[in-house]
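This report describes a protein chain in terms of its fold, its salt bridges and its backbone. Please keep the sequence and the structure at hand while reading.

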Amino acid sequence: MAITKILARKGRLDVGINYILNGDKTQERVLTAHLNCDPGRECRQMLDTKRAMGKTDGVQYYHVIQSFKPGEITPELALEIATEFAEEHLPGFETVIGVHVDKEHIHAHLIFNSVNTETGEKYHSNAQSYYQQIRAISDRLCREHGLSVIMQGASAKAVSYIEWLRQSKGQPTFRSMLEEDLRTAIQDANDLGHFFLLMEHKGWEISHGNRLGFRLRGQERFMIPGRKNPLFTEDGIRAAIQGNLEDIEAGRRPAVIYHPSYQPCKKHPKYTGFMALYVHYLYVLGKIGQRRYPPRMTPQLRQEIMRFERCREQFAFLRDNAIATQADMAAFQTRTEKTLANLTKQRTILNVRKKKRRRLYAALADVEALAPAKQCYEEGLSGMEAEYTRYMEAVAALEKCGVPRDRLMAEKAEIYEQLAEINRQIRAERKKLALCREIQSRLPQMEKEINKIEENTKEVERDERRRR
């Protein structure tokens, strides 16, 4: 099984070539090969080709990487597959190949000139060329040599190489653990606040904002699972908690419905015999017309449609809020800003309450999250001393506070639910203010365009009257 990727590089050729031909990585250059160029003169020959064809700017070379599953391939076979790949996919391109064995997984590097020596054309890389050529050829060669391949459709989402490497070994990744905990918390939660509480008790820190982020204690960055799966956005989680999880996972219902589903244009049935005769007769009488198919979606048409949808949204906003004049707009903005200020104040109060209880809330989370570590420590497993100490400190803090644990947990869930609801309302009010500003900025331009259209219409009418 080979994971492939292609990188376009505008830097120096000699740097890339020296990297893949590094003797420490290629067994003193034994695991190297050249195509359409000579060893030791590859960089000079590539530059001569660029100068001869007058194409010395832009992308200087492309770098293809084939990473194979650990333990499945030998370095010699990896070099053979990489060479066959270059001969089939890169005819006429000066190519340097090096197989690196300095890591646990064997991987082949191919660097080839961006200019073809025979045609003088530059290589162009895009998604279509990757999937239909690079990925397809690599997978076919792997199958021909008895290696496994990644099945199409098994996962349409891209994963990082580290994730793939751990998955190939059957090891859990941080993302897979997060998704499993998210699904479990969604199934067990009563509301959104309870969901956040459960996630914290599973050891995850939560970042509230435009997108929900999660990370384990000690991680540097937050992971945002909602980017790849709408089920894990705040709206998707809220919908799933309300009882739609099974329908969402089965594909009977999307997690978040943004737009109506696309309905393709169905071709008109082709009639024959008597039915065709009647259709033709009705067409001659003018009772039916020729079917007109929608125009092809060009970039310009797509922009016009987006602008129309935006205008329709703004019109609906004005109609629903009874805004007809500048005075109405100013009054609505004032009310919205006042509402936003009150919501911000409420959120500040809740955050202060949360901050006062932060030590106890963190202790609740530690007791739940570190219970398995405490059990391992008591069974004699080494390496759990710090976790056990942290667990005992959390238990002592909860016992010392004098508040029953059940009541403290209910209070924490309630605060988290209130914060989630206020954050949702704040986002809605900010969207209203943004629409107000956008409408006010568009008004002069709309009036100018209307005046221009009316002047053109009057001019056309005057020309028509003159011709009469």
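The sections below proceed from the whole chain to individual residues.

## Overall composition

The model is predicted. The protein chain contains 15 helices and seven strands. Of its 468 residues, 36% are buried. The exposed surface of the chain amounts to about 29,900 Å², and carbon and sulfur atoms supply 51% of that area.

Contacts between residues distant in sequence are also recorded. Among the contacts with a separation of 6 or more, 68% are between residues 24 or more positions apart.

## The five-stranded sheet

Five strands form an open sheet in the order 1-3-5-4-2, and their pairing is antiparallel. Strand 1 (2-9) and strand 2 (32-35) occupy the edges. Each of these two strands has a single partner strand, so one side of each lacks a neighbour in the sheet. From one strand to the next, the twist averages 15 degrees.

Strands of a sheet pair through backbone hydrogen bonds, in either a parallel or an antiparallel manner. Strand 1 and strand 3 (residues 61-68) run antiparallel and are joined by eight bridges. Within this pairing, Leu 7 has His 63 of strand 3 as its bridge partner.

## Helices packed on the sheet

Helix 3 (residues 75-89) packs on the sheet and touches strand 2, strand 3, strand 4 (95-100) and strand 5 (107-113). The direction of helix 3 makes about 160 degrees with that of strand 4.

Helix 4 (residues 127-144) also packs on the sheet, where it touches strand 1 and strand 3. Its direction makes about 140 degrees with that of strand 1.

## A salt bridge between distant parts of the chain

Side chains of opposite charge can pair when their charged atoms come close. The structure holds 23 salt bridges. One of them joins Lys 412 to Glu 200, with the closest N and O atoms 2.8 Å apart. This pair links distant parts of the chain, since Lys 412 lies in helix 15 (residues 405-467) and Glu 200 in helix 7, 212 residues apart.

Are the two partners buried or exposed? Lys 412 has a relative accessible area of 0% and is therefore buried. Glu 200 has a relative accessible area of 16%; because this value is under 20%, Glu 200 also counts as buried.

Helix 7, which holds Glu 200, spans residues 192-201. Leaving aside residues up to four places away in sequence, Glu 200 touches Ile 206, Arg 217, Ala 365, Lys 412 and Tyr 416. Lys 412 thus appears both as a contact of Glu 200 and as its salt-bridge partner.

## Salt bridges within helices

Glu 234 forms a salt bridge with Arg 238, and the closest N and O atoms are 3.2 Å apart. Because these residues are four apart in helix 8 (residues 234-250), about one helical turn separates them. Glu 234 and Arg 238 are both buried. The two residues also belong to a network of salt bridges that links Glu 234, Asp 235, Arg 238 and Arg 427.

In helix 15, Lys 432 forms a salt bridge with Glu 429. The closest N and O atoms of this pair are 3.4 Å apart, and the two residues are three apart, about one turn of the helix. How does accessibility classify each partner? Lys 432, at 29% relative accessibility, counts as partly exposed, whereas Glu 429, at 12%, counts as buried.

## Positive phi values in a loop

Two residues, Glu 28 and Arg 29, lie in the loop between helix 1 (13-20) and strand 2. For Glu 28, phi is near 55 degrees, a positive value in a residue other than glycine. For Arg 29, phi is near 65 degrees, likewise a positive value in a residue other than glycine.

Glu 28 has a relative accessible area of 62%; because this is over 50%, the residue counts as exposed. Arg 29 has a relative accessible area of 46% and is partly exposed. Strand 2, which follows this loop, is one of the edge strands of the sheet.

Key: Residues numbered from 1 in each chain as written. Predicted model: local features only at pLDDT ≥ 70, side-chain atom pairs only at ≥ 80, totals over all residues. Heavy atoms only, no water. Buried < 20%, exposed > 50% of the residue type's maximum accessible area, 1.4 Å probe, protein only. Contact = heavy atoms within 4.5 Å. Salt bridge = Lys/Arg side-chain N within 4 Å of Asp/Glu carboxyl O. Areas by Shrake-Rupley, 256 points an atom, 1.4 Å probe, with all protein chains shown as cover. Pairing = 2+ DSSP bridges. Axes fitted to C-alpha atoms, helices over the stretch in contact; angles between N-to-C directions.
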